[in-house]
Amino acid sequence: MNTALLALEQTFQASSLERIDDALLNQHDIELWIKRDDQLHPIISGNKWRKLKYLIRHALERDAHTLISMGGAYSNHLHALGFVGKMLGLQTIGYIRGECPSPLTPTLQDLQDWGMDLRFISRGDYRQLRHYHGWQDLPNLKARQYWLPEGGAQPLALKGIAEMIHEINIPYDWLCVPCGTGTSLAGMIKAASNTVHLLGFAALNHAEFLRADIAKLIAIPFYNWQVNLDYHCGGFAKTTPALLDFINTFEQRTGIPLEPIYTGKMLYGLYDLIANNYFPLGTKIIAIHTGGLQGNRGLTR
Ligand SMILES: Cc1ncc(COP(=O)(O)O)c(C=O)c1O
């Protein structure tokens with residue numbers, strides 16, 4: 001294997017499983033555990049590395065020298081990709097949705113510092129890029145350039161997510177995860193036992209498309225999963241006072257840091273479902289902390 005990739009892999013830490021203990025959970029006889037994938041790496045945290053790992057290996061096997069992808073001004077995916085590129089000595093190009101903000105967001109500033117070529121494009125052009133899924137699909141790709149779709153939404157990404165599921169060594173009934181592109185949920189559906197229920201929480205509104213996208217990624221039918229569309233709190237990266245209150249209280253009580261875009265919304269939704277008796281007494285739930293804490297910079301909370 002590529003020695004720089006091997007060296008990078010050695011900087012990762014194990015993610016722990018942490019049991020949450022509080023009155024609401026006790027009252028509803030729910031056992032809740034958080035898989036702390038935010039602990040994996042200070043920069044490439046959460047589902048980022050899980051999704052990128054096999055894509056990067058694939059790119060290196062093809063002797064790629066440039067990784068190209070897309071994302072917003074706070075994108076965790078681009079942030080992880082830019083760092084990986086720097087660590088592996090690969091060039092990176094990022095297509096960024098919208099105009100260049102002034103000053104740059106902390107995420108974009110890091111990307112620039114790590115040498116990513118930032119290309120700001122209109123929302124229409126950005127939507128167009130969503131049509132390109134395969135690593136060779138981007139029009140006008142040059143030799144040794146490798147395309148990664150938004151959020152790393154590629155079948156190869158599912159392999160790394162499966163490794164996360166295989167690390168879980170306690171019995172459980174439900175797995176929960178926040179959804180952006182639905183790739184992480186798709187990987188979990190394929191890797192988990194079919195006796196387990198899987199519940200994704202959409203981080204954006206009008207996210208009905210997730211069901212079809214996930215079905216396409218998993219390729220064969222499974223009937224043990226759902227995507228909840230009720231806790232987007234007004235849309236992607238939007239917050240409500242109730243969400244922020246929940247996050248502050250949760251962080252103070254547990255010491256687990258959250259961000260309000262993905263994991264914060266999932267836990268907010270999960271607690272609401274628990275309070276409304278959605279799960280039978282005695283249910284054991286594992287919720288995945290998908291990291292992304294870098295995105296907290298620049299957010300007013
Ligand atoms: C921190 C974080 N959590 C969750 C997600 C959603 O993951 P997916 O796109 O695999 O649904 C993302 C976006 O990729 C993310 O950055």
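## L293 and its surroundings

L293 is partly exposed in this predicted model, because 16 other C-beta atoms lie within 10 Å of its own, a count between the 12 or fewer of an exposed residue and the 20 or more of a buried one. The residue sits in the segment after β10.

Leaving aside residues up to four places away in sequence, L293 touches D38, S45, P257 and E259. One of these partners, S45, is 248 residues from L293 in sequence. In space, the C-alpha atoms of L293 and S45 are 8.0 Å apart.

## Overall build

The protein contains eleven helices and ten strands. Its radius of gyration is 19 Å, close to the 19 Å that the globule rule gives for 301 residues, so the protein is as compact as a globular protein of that length. Along the principal axes, the C-alpha trace spans about 60 × 40 × 35 Å.

Of the 301 residues, 44% count as buried. Contacts between residues at least 6 apart in sequence can be sorted by their separation along the chain: 73% of them join residues at least 24 apart.

## Two domains and their contact

The protein is divided into domain 1, made of residues 3–43 and 154–296, and domain 2, made of residues 47–152. The C-alpha centres of domain 1 and domain 2 lie 24 Å apart. Where the domains meet, 25 residues of domain 1 are in contact with 26 residues of domain 2.

On the domain 1 side of this contact, α1 (3–9), α7 and α8 each supply at least two residues. Helix α7 gives the most to that side, with six residues. By class, the side of domain 1 that touches domain 2 has ten nonpolar, twelve polar and three charged residues.

## Helix α7

Helix α7 covers residues 157–167, and its buried residues are A157, L158, G160, I161, M164 and I165. Seen down the axis of α7, these buried residues fall within an arc of 160°, so they line one face of the helix.

The buried residues of α7 pack against three other helices: α3 (47–61), α8 and α9 (209–218). Helix α8 thus appears twice in this account, as a packing partner of α7 and as a supplier of residues to the side of domain 1 that touches domain 2.

## The ligand shell

The ligand is surrounded by 16 residues, and the closest are N76, G180, Y262, T290 and G292. Three elements each supply at least two residues of this shell: α4 (76–88), β7 (174–179) and α8 (183–191).

The shell divides into three nonpolar residues, 13 polar residues and no charged residues. Domain 1 and domain 2 both give residues to the shell, so the ligand lies between the two domains.

## Loops and backbone details

Most residues other than glycine have a negative phi, and most peptide bonds are trans. Several places in this model depart from that pattern. A cis peptide bond joins S102 and P103, with omega about 0°. P103 is found in the loop between β4 (91–97) and α5 (106–113).

R144 is not a glycine, yet its phi is positive, near 65°. This residue lies in the loop between α6 (123–129) and β6 (145–147), and it counts as partly exposed because it has 13 C-beta neighbours inside 10 Å. N277, also not a glycine, has a positive phi of about 55°. The loop that holds N277 runs between α11 (263–275) and β10 (284–289). N277 counts as exposed, because it has 9 C-beta neighbours inside 10 Å.

## P171

P171 is found in the loop between α7 and β7. The residue is exposed, because 9 other C-beta atoms lie within 10 Å of its own, and a residue with 12 or fewer counts as exposed.

P171 and N248 are 77 residues apart in sequence. Their C-alpha atoms are 29 Å apart in space.

How values were computed. Residues are numbered from 1 along each chain as its sequence is written. This is a predicted model: local features need pLDDT of at least 70, side-chain atom pairs count only at pLDDT 80 or more; totals for chains, interfaces and linings use all residues. A residue is near a molecule or strand if its C-beta atom, placed from the backbone, lies within 6 Å of it. Helices (H or I, at least four residues) and strands (E, at least two) are DSSP runs, numbered from the N terminus. Ala, Val, Leu, Ile, Met, Phe, Trp, Tyr, Cys and Pro count as nonpolar, Asp, Glu, Lys and Arg as charged, and the others, Gly among them, as polar. Domain bounds come from an automatic or database domain assignment. The arc is that of the directions from the helix axis to the C-beta atoms. Two residues are in contact if their C-beta atoms, placed from the backbone, lie within 7 Å. The radius of gyration is taken over C-alpha atoms; the globule rule is 2.2 Å times the number of residues to the power 0.38.
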